[in-house]
Amino acid sequence: MKIATYNINNINKRLSNLLRWLEAREPDVVCLQELKCTDVMFPSKQLSAIGYEAVWKGQKSWNGVAILAKEREPVLTRDSLPGDPDDIQSRYIEAAINGILIASIYLPNGNPQPGPKFNYKLAWFERLRSHASDLWKMDVPAVLAGDLNVVPTDFDIYNTRSWLNNALLQPESRSAFEKLLQQGWIDAVRELHPDEPMYSFWHYMRNSWERDAGLRLDILLLSKAASKRLRSAGVDRDVRGHANASDHAPTWAELD
């Protein structure tokens with residue numbers, strides 16, 4: 001079972017890119033972020049035409065998350081992160097697929113920092129940590145996948161110099177991510193590729209893609225039951241080099 005996460009950065013604008021990748025790589029499950037469309041504008045018919053059913057939570061202009069499943073019907077279990085009933089941003093969706101509980105996550109960016117956006121990021125991270133703890137205690141195969149908007153360590157970025165003030169690298173952001181790992185979750189890509197940067201994001205500015213000036217932002221965290229089934233993981237980095245590409249590349253893990 002190949003599970004991928006892909007910040008598509010506007011699904012309708014980059015639909016042809018998405019469909020091409022789906023048909024070429026045939027992942028079983030895809031967690032999408034930054035749909036940037038309302039629910040009614042989500043291209044469910046085009047996806048269904050190539051064998052993918054979906055659950056999604058859109059939002060006009062910004063945010064939006066979805067989970068696609070190949071030749072399966074994802075069973076929606078949650079379309080928002082618990083802990084703040086007043087939070088209207090579409091950043092979390094969760095579904096059961098073939099015996100695995102899978103979440104698509106678009107964690108807040110947090111810039112500029114310090115300020116209210118960074119405070120929201122940290123509060124959201126804490127809500128995620130709390131919910132992840134509940135999922136961990138269930139002791140079921142589970143995958144938390146998405147754009148976590150954190151660079152976990154300096155090894156996960158080409159150069160820290162121009163990013164030192166960015167919310168992605170702040171000690172508070174990294175500490176929040178580390179607290180997730182301390183629950184027991186396994187970072188699938190880093191587990192199998194401890195000595196490679198494995199970038200998944202290249203900014204549109206300053207020829208970042210051409211210079212391989214990348215960051216690792218897109219992460220799949222596996223529960224204990226899921227990590228026992230981990231067989232391979234990687235980044236389809238070539239997708240970032242296509243015309244009209246998202247600034248992220250699909251990141252994936254394959255489970256027995």
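Mentor: Two strands pair if DSSP finds at least two bridges between them, and a strand is a DSSP run of E with at least two residues, numbered from the N terminus. One heads-up: this is a predicted model, where local features need pLDDT of at least 70, side-chain atom pairs count only at pLDDT 80 or more, and totals for chains, interfaces and linings use all residues. Residues are numbered from 1 along each chain as its sequence is written, and side-chain values use heavy atoms, with hydrogens and water left out.

Trainee: OK, how do you know that strand S1 and S14 pair?

Mentor: DSSP needs at least two bridges, and S1 (residues 2-7) shares four with S14, antiparallel, so they count as paired. Thr5, for instance, sits opposite Thr251 in S14.

Trainee: And what joins strand S13 to S14?

Mentor: Five bridges, with S13 (residues 230-235) running antiparallel to S14. Ser232 has Glu254 in S14 as its bridge partner.

Trainee: Why is S14 called mostly covered?

Mentor: Buried means under 20% relative accessible area, exposed over 50%, and partly exposed in between (1.4 Å probe, protein chains only). In S14 (residues 251-255), four of the five residues are buried, so "mostly covered" fits.

Trainee: Now the six-stranded open sheet: what makes S5 and S9 its edge strands?

Mentor: The order is S5-S6-S7-S8-S12-S9, with mixed pairing. S5 (75-78) and S9 (186-187) each pair on one side only.

Trainee: How do you know that S7 and S8 pair?

Mentor: S7 (residues 100-106) and S8 (residues 142-147) have six bridges, in the parallel sense, so the minimum of two is met. There, Ala103 stands opposite Leu144 in S8.
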